[in-house]
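Q: I am a first-year student, and I would like a close look at a single part of this model. Could you take me through the surface that lies near the RNA strand, and show where that surface sits in the chain?

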Amino acid sequence: MNPAVREIADRVASEFSLPAEKIHSLITSPPEDVMGDYSLPCFILAKELKRSPQELASQIAKTLSGGIIAKAVAAGPYVNIVIDRPQLFSFILSAILNEGSLYGGAKKRDETVVIDFSSPNIARPFSIAHLRSTALGNSLKKIYQHLGYRVIGVNHLGDWGVQFGTLISAYTRWGDDEKIKQDSIYELYRLYVKFNDESERDPSLKDEARGWLKRLEERDPEAFRLWEWFVEISLNAFQRYYKILGVEFEVIQGESAYRDLTAPLIEELTRNKIAEESDGALIIRLNKPGEKEEIPPLILKTRDGTTVYATRDICAARSHWDQYHFAKKLYVVDAGQSLHFKQLFMALAKMGHEWSERLFHVPFGVMLFEDERMSTRKGRIVFLEEVLNRSMEMTRSIIESIEKMSNLSSDEKESVIPDVGVSAIIYADLSRSRIHDINFRWSEVLNFNGKSGPYIQYTHARMAGVLRKYEENVPKSPDFAKLGEPSEIALAKRLEIFPAKVQQAADEYEPFVIAEYLGNLAITINQFYDNCRVLGEEPALEEARIALVYCAKLVLKRGLELLGMRAPERM
RNA sequence: GCGCCCGUAGCUCAACCGGAAGAGCAACGGCCUUCUAAGCCGUCGGUUGCAGGUUCGAGUCCUGCCGGGCGUACCA
């Protein structure tokens, strides 16, 4: 708890005999730094005390000075408060110096969060659209870990269902083993697209695909052999992407892992009358009788007798609950599936699972490509691999064009290129709130100026450079009274709010909160860097500024890690 | 038709669950013999889609419109 805010609240509370907590919750920051460090709007207090806000503000301002509060002035209905500089720096920076990389986090707790993310469909290369769930989920994982939770990252692969009928069907018609061995996943993808294309002219192909799914569910050896082969090819390709992205999972279990649980589930739900037959399909009704709102029922089994993903999702949720007794389970899946998750959660509640309240859909908007909707089936997509490659090419050309700072050894250069190139793509994705659709544009993604991934990393590398050249240990308790430049104050205050941002990101399932914070932090750091020289200043000032640089670098690095990005020491 | 989401500067987006509208990009103009110029400084840019309502106060909450996206029983 910030001691300055606490003191402001306590003093105002005792002055007017009001609860300190209430005052505390009202304190905010003024719109501009020059106005002060904290601000107390007096509207609500004025109403309670039946006085005018302006008059009250000026009275509070008069009584507030002294001690940790250097100055308090009324600005109309607001009281703007300036904190004693040395104490302000001391409580912010000491906290960071003491807590180190735990700053903004929390101690280990005995609670588990399960995060279902990435979950791509087998037999299709990663497109840039798959990156959204992957980057969001991976970041949420790091954020919850930082807050002390045990986190289970689950990759619920789309490795079952009618799409496999489609693929097997396409393979038996046009498959070429040699091509598949050479170009593996891309060849499978071409088969898939060709099938969808052909089936628009000849709808009977779709029946054929459903037939293959049926055979697969009934363990037809030929169908099963092909399925296993396609899964293997796909997993190999996915592991390559995950390695580049630095993403790891505790559990990689696709829908197929639950295929043996669907029959007992259906038997159970039929027996206890949760499920009922309708139009030849087996469904769970979700509308209460007489209720007006029409929620479509959840389909457990189709007329063809095959299961659908909802069936397997029920099994997966129950299985995870049995294993982990999670505090929360998050499904990081696009907003187009909101209804599916609403149905899933309602169905589980109807089955009597009170833990269904711990399930949360974390939706995000769709990814457009240069203003157009992407379509896997129509072949209009951008592959993640291409995006990463072009990003790394861009990084390489920038590094090579800037000779004077290329103090990088060739080994360093080769490791910096993926560090920067990959993180640039991740940041481009996480730097907007998840619910908006993202329009992917090359010109924006490959712009490394301004608030971008490379900009933040660059700022980090600059801080690292200063510390490297300092050559001595970072002082634990420098003379904070030496600090006081506007850009120093702005930086310290920015560092102060990091823990609140981490908590907000976790509460809202929104890594963007941290992404935006880091962008703003980097701007603040660069302004400081431009205004304040560190090395070579008189020793006490140099020490104090080194401590500030150390704290800035530490928070930047931690923040980058929480987004799943790298923090190279040089670039 | 019904449901959910979105609408803020030319573009991409913020605004701490009702409190003082703000960044980046693009454009133009400055700053490298000093810790990394992937940088910094400055200029330009707004009737927050429209109309009402609640409130001392609304980009934010309520109602109705307009525009866009997604979904709407056997795909995932």
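A: The answer below begins with the whole chain and then turns to the surface near the RNA.

The model is a predicted one, and in it the C-alpha atoms of chain A fill a box of roughly 80 × 65 × 40 Å along the principal axes. Chain A has 21 helices and 14 strands, and of its 571 residues 54% count as buried. If we take the contacts in chain A with a separation of 6 or more, 74% of them come from residues 24 or more positions apart.

Now to the surface itself. RNA strand B is surrounded by 68 residues, of which the closest are Thr302, Arg303, Ser433, Tyr458 and Glu516. Of the atoms of RNA strand B that come within 4 Å of the protein, 62% belong to sugar and phosphate. Sorted by kind, the residues of this surface divide into 34 nonpolar, 16 polar and 18 charged.

Several individual contacts reach the phosphates. In the side chain of Arg462, an N or O atom is 2.6 Å from a phosphate oxygen of RNA strand B, and for Lys469 a polar side-chain atom likewise lies 2.6 Å from a phosphate oxygen of the RNA. With Asp437 the backbone takes part, since one of its N or O atoms lies 3.4 Å from a phosphate oxygen of RNA strand B. The elements that give two or more residues to the surface are α3 (43–49), β3 (78–83), β8 (281–284), α12 (309–324), α14 (384–401), α17 (453–470) and α20 (512–531). Among these, helix α17 provides the largest share, with 8 residues.

A small sheet can be added to this picture. It is an open sheet of 3 strands in the order β13-β12-β14, and its pairing is mixed. Strands β13 (372–373) and β14 (438–440) stand at the edges, and because each has a single partner strand, one side of each is left without a neighbour in the sheet. Strand β12 (residues 367–369) pairs with β13 in the antiparallel sense over 2 bridges, and in this pair Phe369 stands opposite Glu372 of β13.

Another pairing in the chain runs in the parallel sense, where strand β10 (residues 328–332) and strand β11 (residues 359–362) are joined over 4 bridges. Here Tyr331 stands opposite His361 in β11, and the two strands, together with helix α13 (residues 338–350), make a right-handed β-α-β unit.

Notes. Residues numbered from 1 in each chain as written. Chains lettered and ligands numbered in written order. Predicted model: local features only at pLDDT ≥ 70, side-chain atom pairs only at ≥ 80, totals over all residues. Heavy atoms only, no water. Pairing = 2+ DSSP bridges. Right-handed = clockwise from strand over helix to strand, strands pointing away. Near = heavy atom within 4 Å. Polar contact = N/O pair within 3.5 Å; in protein donor to acceptor, adjacent residues only side chain to side chain. Nonpolar A, V, L, I, M, F, W, Y, C, P; charged D, E, K, R; others polar. Buried < 20%, exposed > 50% of the residue type's maximum accessible area, 1.4 Å probe, protein only. Contact = heavy atoms within 4.5 Å.
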